[in-house]
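Please open your viewer and keep the sequence beside it, since this tour goes from one selection to the next. At each stop, select what is named before reading on.

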Amino acid sequence: VSYSAAISACEKGKQWVQALQLFDEMVGSRVEGNTITHNAAVSACKKGEQWFQALQLFREMADIRVERNTITYSAAVSA
């Protein structure tokens, strides 16, 4: 929950670099992300106009079997 909240705060503050750093730290710590965490990271990339990163995260969600929802698709499409 802490990573999700922190990544979401970065997303809202348009700090996509920090959001991805936190996301990478989470993955490196072997903490499993969920749909909310991934959505926040994808949305942060969208707001930072980092469409390639957003689509990479979107694709990665399928690879690791994290459920994608309407928010995920919307963020990825608008990135």
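Contact, as the word is used on this tour, means that heavy atoms lie within 4.5 Å. The model on your screen is a predicted one.

**First stop: A76 and helix α5**

Select A76, whose place is in helix α5, residues 70-78. Is A76 buried or exposed? A76 counts as buried, because its relative accessible area is 9% and buried means under 20%. If you leave aside the neighbours within four places in sequence, A76 is in contact with V42, L55 and F58. Of these partners, take L55 and draw a distance from its C-alpha to that of A76: the two are 6.1 Å apart in space, although 21 residues separate them in sequence.

Now widen the selection to the buried residues of α5, which are T72, A75 and A76. They lie on the same side of α5, because they cover an arc of only 95° around the axis. These buried residues pack against α3 and α4, while the face turned away from the buried side of α5 carries the exposed residues T70 and V77.

**Second stop: helix α2**

Move next to helix α2, residues 16-28, and look along its length: its 13 residues reach 18 Å from the first C-alpha to the last, close to the 18 Å expected at 1.5 Å a residue. Which residues of α2 are buried? Colour A19, L20, F23 and M26, for these are the buried residues of α2. They sit on the same side of the helix, because the arc they cover around the axis is only 115°. A general point helps here: an α-helix has 3.6 residues a turn, so residues three or four places apart point the same way.

The buried residues of α2 pack against α1 (2-12), α3 (35-47) and α4, whereas D24 and G28 are exposed on the other side of α2. Select also Q18, which is found in helix α2 and counts as partly exposed because its relative accessibility is 34%. From Q18 you can draw a distance to A75, and although these residues are 57 apart along the chain, their C-alpha atoms are separated by 18 Å. Just after α2, pause at R30, which takes a positive phi of about 65°.

**Third stop: the charged side chains**

Side chains of opposite charge can pair when their charged atoms come close. How many salt bridges are counted in this model? The count comes to 2. Show the side chains of E11 and K47, which meet in a salt bridge with 2.8 Å from N to O. This pair links distant parts of the chain, with E11 in helix α1 and K47 in helix α3, 36 residues apart. Then add K12, which forms a salt bridge with E11, the closest N and O atoms being 3.7 Å apart. Salt bridges that share partners thus join E11, K12 and K47 into one network.

With the three residues still selected, turn on the surface and compare their cover. E11 is buried at a relative accessible area of 9%, K47 is partly exposed at 35%, and K12 is exposed at 57%.

**Last stop: a nonpolar patch**

Finally, keep the surface on and select W51, F52 and L55, which make a nonpolar surface patch of about 320 Å². W51 has its place in helix α4, residues 51-63, and W51 counts as exposed because its relative accessibility is 51%, exposed being over 50%.

Notes. Residues are numbered from 1 along each chain as its sequence is written. This is a predicted model: local features need pLDDT of at least 70, side-chain atom pairs count only at pLDDT 80 or more; totals for chains, interfaces and linings use all residues. Side-chain values use heavy atoms; hydrogens and water are left out. Patches are made of residues with over 30% relative accessible area and no salt bridge: like charges are joined within 9 Å, nonpolar side chains (Val, Leu, Ile, Met, Phe, Trp, Tyr) within 5 Å. Accessible areas come from the Shrake-Rupley method with a 1.4 Å probe; for residues, only the protein chains shown count as cover. A salt bridge is a side-chain nitrogen of Lys or Arg within 4 Å of a carboxyl oxygen of Asp or Glu. Helices (H or I, at least four residues) and strands (E, at least two) are DSSP runs, numbered from the N terminus. Buried means under 20% relative accessible area, exposed over 50%, partly exposed in between (1.4 Å probe, protein chains only). The expected span of a helix is 1.5 Å times one less than its number of residues. The arc is that of the directions from the helix axis to the C-beta atoms.
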